[in-house]
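Hi,

Here is the structure I promised to pass on. Have a look at it first, and my notes follow underneath.

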Amino acid sequence: MSEAAQPAPAPRRKRRRWPLAGLLGGVLVLFWLMMALFGPMVAPHEAGRIVDMDVFTPMTAKFPLGTDYLGRDMLSRILHGARYTVGVALLATLMASGSGLILGMSAAVWGGWLDMLVSRCLDTLSAMPSKMFALVVVAAFGSSVPVLVLSAGIIYTPGAYRIARSLAVGINAMDYVRIARARGESTAFIVREEILPNMTGPVLADFGLRFVFIVLLLSGLSFLGLGIQPPEADWGSLVRENIGGLAEGAPAVLMPALAIASLTIGVNMLIDNLGGFRRRAGGEG
Amino acid sequence: MKDFALARLVAMRLGLGLVSLLLVSLAVFAITSLLPGDVAQELLGQAATPEAVAGLRASLGLDQPGWLRYLHWLGALFTGDAGKSLVNGQPVVALIGSRLPNSLMLAAATALVSVPLALCIGITAAMWRGSFYDRLVSTLTVSVVSVPEFLVATAAVLVFAVHLRWLSALSSVSSIDGIVSFLRVFAMPVLSLCCVIVAQMVRMTRAALIDQLRAPYVEMAILKGAGPVRVIWSHALPNALGPIANAIALSLSYLLGGVIIVETIFNYPGIAKLMVDGVSTRDMPLVQACAMIFCAAYLFLVLAADLCAILSNPRLRHR
């Protein structure tokens, strides 16, 4: 009896070993998430305090990432900026993926005219290039954190919707969902217990991808001077304000750029190696 | 009969594109004009008398209902009148007209360089897939695709203008007096744009070709003893032409995003720089017109991509 039961949990307990790239990506993402939460606490200086007479200094023991164009400590500026780059993008991604998931799920489960209506509306939205939409919104409403979160959230909803809808439509046609329906389960139960658990993997991967897109969009806007406004600064604005140091190859302009790259490439490496997770999630259903 | 069905499919796609453009114009207009903020008040400042504001509102047509203003705006746009800039009072069409050729030149030069380059890299990577070369290409393209465009452009400036001193970091089109100065002005923006576009295009080309290489007929050709070059050139590539053309058109639509950053960073006098300046000064007629040009270009490229897919895929043709 016990021997017969034993092989069953074994494959589940055997964890897939994560490839090095996935692990590295996970560490990078976790690090920046921590910095977004606690960055200002561990930063050696205040973000706006001018601490050095020299501008664009190279890396020294006193200022590990050098100083910026006004002589402010770059390490502190980047740690403070993490809140804006990671935090704002995370909020916008939660909004985009959340509304995409809810709309996609409803469209798949109820179908009919609701599906038609939502699909057509979101198709129109995706007929505009993302940067163009953001520029038009910023031109009209000015630039502030709520405007940035909302517009990035809206821009990337259609993509999240399309993924969620196609996944849910596929699962909705599965036998176990039809059986649950025949059992007389409520729609809420079917969505919660049958459909959602079977799409977590791909939805998480899509969440990561959308996060990268939004980080790129928002830092691009900030770089144009149309994103986060001074005195606050995200990494895009840090590159912008220190661009004068480019000719000297100052760390003040390279480091924020590297921070963005490490974040986005880290997320990419992480989701590329989510494959095992996705398969496992699909297999358990 | 078949040709008729195909023509209908193409016509439907064209119609859909037009409808999208119309809806986009509605969205652009709605976002930029139906705001609580008042253009007339903003133009005259806080000290203006209510009568002056009302007068300006009437002369700008702001006292009319929104849908009527939209129709007026759309009609004027069709006849080539995009209104006057709120900042310097010049006709928007003249402002755009002086900048558009520069942007088109930049886009054309980029396409001319990046398409052949991307095809070569993409096809060779698919041919030797799994090799060190392929993995190198994949890693590089993923890295370029997942960092912001301004990062690529800054890195290009750092390498080619600061360290190697081959090129100048600023461009001014007026100072062109020969092929050398032409190259010096164009090289940096084109190079930065190419990095972004080539990475996109290589990924898509490689994926399209590998998709074909997985098909049973390729296995058949290999079993019959065809070499790798023959399999690619005579079997896979002709079938992948449609998907690759689709990939090229889609990647070129990334030009629109890239060109905004690149024109700003190099201070290139193109239409994207014009629009970014318009956004910072909140010059609505200018922003509206530029946005419509960009959206129309984007929709055109997506449409071209779809048409390539329709015309090259017999399954889509007969559906």
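In what order do the elements of chain B run from the N terminus on? They go α-α-α-α-α-α-α-α-α-α-α-α-α-α, so to speak a one-letter alphabet: chain B has 14 helices and zero strands. Before you read further, please keep in mind that this is a predicted model.

**The two chains**

Chain A also reads α-α-α-α-α-α-α-α-α-α-α-α-α-α along its sequence, with 14 helices and zero strands. It has 285 residues, and 47% of them count as buried. For chain B, buried residues come to 36% of 319.

I also looked at how far along the sequence the contacts reach. Taking contacts with a separation of 6 or more, residues 24 or more positions apart account for 69% in chain A. The corresponding share in chain B is 72%.

**Where the chains meet**

On the chain B side, 38 residues are in contact with 30 residues of chain A. Which elements of chain B give two or more residues to that side? They are α1 (2-33), α6 (132-145), α7 (149-163), α11 (254-265), α12 (271-281) and α13 (284-312). Sorted by class, the chain B side has 27 nonpolar, nine polar and two charged residues.

**Inside chain B**

Chain B is split into domain 1 (20-81) and domain 2 (93-317). Between them, 12 residues of domain 1 are in contact with nine residues of domain 2. The element that gives the most to the domain 1 side is α1(B), with eight residues. By class, that side of domain 1 has six nonpolar, five polar and one charged residues. Note that α1 of chain B is also among the elements on the side that touches chain A.

**Two helix pairs in chain A**

I picked out two pairs for you.

The first is α4(A) with helix α7 (residues 145-155) of chain A. Their axes come within 8 Å and cross at roughly 40°, which makes α4(A) oblique to α7(A). The crossing is right-handed. From α4(A), the residues A:Val88, A:Leu91, A:Ala92, A:Met95 and A:Ala96 meet A:Val145, A:Leu148, A:Val149, A:Ala152 and A:Gly153 of α7(A). This contact divides into nine nonpolar, one polar and no charged residues.

The second is helix α9 (residues 175-183) of chain A with helix α10 (residues 187-195) of chain A. Here the axes are 11 Å apart and the packing angle is about 150°, so α9(A) is roughly antiparallel to α10(A). This crossing is right-handed too. On the α9(A) side the contact is made by A:Tyr176, A:Val177, A:Ala180 and A:Arg181, and on the α10(A) side by A:Ile190, A:Glu194 and A:Ile195. By class there are five nonpolar, no polar and two charged residues in the contact.

How many of the nine residues of α9(A) are buried? The count is zero, and the helix is hardly covered. Just after α9(A) comes A:Gly184, with a positive phi near 90°.

**Two residues to click on**

Start with A:Leu221, which sits in helix α11 (residues 200-223) of chain A. Is A:Leu221 buried or exposed? A:Leu221 is buried, because 27 other C-beta atoms lie within 10 Å and the cut-off for buried is 20 or more. Leaving out residues up to four places away in sequence, A:Leu221 touches A:Ala134, A:Val138, A:Leu226, A:Gly227 and A:Gly236. If you want a distance to check in your viewer, the C-alpha atoms of A:Leu221 and A:Phe189 are 42 Å apart, with their positions 32 residues apart along the chain.

Then go to A:Ser106, in helix α4 (residues 74-110) of chain A. Why does A:Ser106 count as partly exposed? It has 18 C-beta neighbours inside 10 Å, and partly exposed covers the range between the exposed limit of 12 or fewer and the buried limit of 20 or more. A:Ser106 and A:Ala168 are 62 residues apart along the chain, and their C-alpha atoms are separated by 9.1 Å.

Cheers

Terms used. Residues numbered from 1 in each chain as written. Chains lettered and ligands numbered in written order. Predicted model: local features only at pLDDT ≥ 70, side-chain atom pairs only at ≥ 80, totals over all residues. Helix = DSSP H or I, 4+ residues; strand = E, 2+ residues; numbered from the N terminus. Contact = placed C-beta atoms within 7 Å. Nonpolar A, V, L, I, M, F, W, Y, C, P; charged D, E, K, R; others polar. Domains from an automatic or database assignment. Axes fitted to C-alpha atoms, helices over the stretch in contact; angles between N-to-C directions. Parallel < 35°, antiparallel > 145°, perpendicular 65-115°, else oblique. Left-handed = near helix turned anticlockwise from the far one by under 90°.
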